[in-house]
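Please examine the sequence and the structure shown below. The paragraphs after them offer a guided reading.

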Amino acid sequence: MRLTSRSYEAESIAAVQELYHSNGWTDGLPIVPPTPEAVEECLAWAMMPPDQLIGVEPVRGVAITAEKIAVNSVMAGCLPMHFPVVVTAWTAMMQEPFLMHGATASTGGCAVLVILNGPIRLEIGASGGFNALGNSDRATAAIGRAVRLCLINLMDVRPGVIDRSTLGHPGKFSYCIAEDEEDTTWLPLHAVRGVEREASAVTVMAAGAPRQIMNEWTTKPEEILETFAAEMRANMRHYSIHPGNYALVIPRQLREHLQAAQWSKTDIAEFIHRRARIHRREWAEVGKGAVVRDRGDSVYTAMESPDQLLVVAAGGPAGGFGAVIPPWLGDKSHAVTLPVGACIDCEPPKK
C-alpha cells in the first residue's frame with residue numbers, strides 16, 4: 001500500500017502534540033499520531049486503496065481521498081472498524097443538498113450531526129442509551145471528532161478562516177449519536193428515509209445545539225409532543241423563522257408513552273408539523289418588530305412537510321427528557337442519508 005501524505009519525524013509524543021498544535025492540525029485536544037501502519041489498517045479494513053476518491057466538495061471543488069480521511073480518523077482516535085462510518089458521513093456531506101461549504105463556513109455556527117443506524121452500531125459499540133448526546137461511548141465520540149478534524153485539515157474549516165462562526169457550539173468537537181433500535185417499536189431513522197432496514201446507514205444534518213425539554217407530568221402523546229413543538233416555536237422566534245430539517249431525540253420514558261398509544265414516527269411528524277408554526281408578528285415580541293412589516297399575519301411552519309422531521313429513539317431509560325435539534329438555517333441545507341459502503345463518485349483519480 002503506497003501512501004502519499006507527507007511524513008514527519010518527532011522525538012517524543014509530546015513533540016508530536018506540539019507539531020500538530022503549532023500547525024493548526026487539531027481541534028485543541030491531543031491527537032493520536034497517524035502512523036503509516038495505523039492509516040493502512042483503516043484503509044485495509046474498508047478495502048480501499050489510498051487514492052480512492054470519496055467525493056468532490058461541490059462548491060470549492062476539493063477532491064477528498066480515502067487516505068486523507070483515514071489520517072484524520074486515526075488522529076481522532078478511531079479504530080479501523082470506525083473508518084467506514086467516517087467515510088460514509090463524508091460521502092453524505094459532499095452531496096449537493098447538504099451544502100457543506102455553507103453549513104461549515106456560516107456565522108450561524110452549526111455542526112455536523114451524524115446519526116448511526118443498522119447493525120454497524122452494535123459491531124462498533126455505539127450506544128444510543130445513557131448520555132446519548134454526550135460522551136456515551138468510544139465509537140460515537142471518535143467518529144464525530146474525525147468528521148470535524150477532516151473539516152479542519154481537508155477543507156481548512158478553522159475558526160476565523162473558512163469557519164466564520166460567531167459562537168459555534170460544543171457539538172463542533174464531536175456530534176454523533178446512535179439510534180437505540182433495540183428498545184423501540186418504531187422504524188429506525190434510515191428505514192423511514194428509504195434505506196433497507198437491514199442495512200447500516202449514516203444520516204448527516206447541519207445542526208444547531210440541542211435544546212433539552214422536560215415533561216414528566218402527562219402520558220398523553222399530544223401533551224408530550226406539544227412540549228417539543230413549543231421548543232421549536234421558540235427557536236423560530238429567537239433564531240430562524242425558515243423551515244428545514246429538525247431532529248427530535250426521544251428517550252425511553254417519553255417514548256414508551258407514545259408507543260403505548262400506538263403513535264408511529266409518521267404520526268409524530270404529522271402532529272409536529274401541525275403544531276410547530278408561528279405568525280410572523282410574533283417576532284415583534286422578541287425584539288424583531290422591524291422585520292415584521294406588513295406580513296404579520298403570515299404563518300411560517302418549522303418544516304416544509306412532515307418528512308423533514310428526523311425522529312430518533314435515543315437516551316437513557318429514566319427521565320422525562322427529550323431534545324430538539326434545530327437546523328442550521330432553514331432549508332439551505334438538507335439532511336442526507338446513505339447506506340454504509342455506498343459507492344458514489346468513488347473511482348480512483350485518473351493518472
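The text below describes helices, a sheet, a surface patch and some backbone angles in turn.

The model is a predicted one. A suitable place to begin is helix H3, which spans residues 66-76 and is mostly covered, with 10 of its 11 residues buried. Those buried residues include Ala 66, Glu 67, Asn 72, Ser 73 and Ala 76. What do the buried residues of H3 pack against? Their partners are helix H1 (13-22), helix H2 (36-46), strand E1 (53-56), strand E2 (63-65), H4 and H7. Directly after H3 comes Gly 77, whose phi is positive at about 100°.

Helix H4, one of the elements against which H3 packs, covers residues 83-93. In H4, 11 of the 11 residues are buried, so the helix is largely enclosed by the rest of the structure. Among these buried residues are Phe 83, Pro 84, Thr 88, Trp 90 and Met 93. In the loop that leads from H4 to helix H5 (100-105) lies Leu 99. The phi of Leu 99 is near 55°, a positive value in a residue other than glycine. Leu 99 has a relative accessible area of 29% and is therefore partly exposed, this class lying between the 20% and 50% limits.

Helix H7, made of residues 138-155, contains Ala 142. The relative accessible area of Ala 142 is 5%, so this residue counts as buried. Which residues does Ala 142 contact, once neighbours within four places in sequence are left aside? They are Ala 76, Gly 77, Cys 78 and His 82. Of these, Ala 76 is itself one of the buried residues of H3, and Gly 77 is the residue with positive phi just after H3. Ala 142 and Ala 260, by contrast, are 118 residues apart in sequence, and their C-alpha atoms are separated by 35 Å.

The next element is an open sheet of 4 strands, in the order E6-E11-E7-E10 and with mixed pairing. Why is one side of E6 and of E10 left without a neighbour in the sheet? Strand E6 (211-214) and strand E10 (309-313) stand at the edges and each has a single partner strand, so one side of each remains without a neighbour there. From one strand to the next, the twist averages 20°. In general, strands of a sheet pair through backbone hydrogen bonds, in either a parallel or an antiparallel manner. Strands E7 (residues 246-250) and E11 (residues 321-325) run antiparallel and are joined by 3 bridges. Leu 248 has Val 324 in E11 as its bridge partner.

Helices also meet this sheet. Helix H11 (residues 265-275) packs on the sheet and touches E7 and E10, its direction making about 135° with that of E10. Helix H9 (residues 221-238) lies across E6, E7, E10 and E11, and runs at about 145° to E6.

The surface offers a further feature. Met 214, Trp 217 and Phe 321 make a nonpolar surface patch of about 350 Å². Met 214 belongs to strand E6, and with a relative accessible area of 38% it is partly exposed.

A last backbone feature is found at Gln 262, in the loop between helix H10 (252-260) and H11. The phi of Gln 262 is near 65°, again a positive value in a residue other than glycine. With 66% relative accessibility, Gln 262 counts as exposed, because that class begins over 50%.

Notes
Residues are numbered from 1 along each chain as its sequence is written. This is a predicted model: local features need pLDDT of at least 70, side-chain atom pairs count only at pLDDT 80 or more; totals for chains, interfaces and linings use all residues. Side-chain values use heavy atoms; hydrogens and water are left out. Two strands pair if DSSP finds at least two bridges between them. Helices (H or I, at least four residues) and strands (E, at least two) are DSSP runs, numbered from the N terminus. Axes are lines fitted to C-alpha atoms, for helices over the stretch in contact, and angles run from 0 to 180 degrees between N-to-C directions. Contact means heavy atoms within 4.5 Å. Buried means under 20% relative accessible area, exposed over 50%, partly exposed in between (1.4 Å probe, protein chains only). Patches are made of residues with over 30% relative accessible area and no salt bridge: like charges are joined within 9 Å, nonpolar side chains (Val, Leu, Ile, Met, Phe, Trp, Tyr) within 5 Å. Accessible areas come from the Shrake-Rupley method with a 1.4 Å probe; for residues, only the protein chains shown count as cover. A salt bridge is a side-chain nitrogen of Lys or Arg within 4 Å of a carboxyl oxygen of Asp or Glu.
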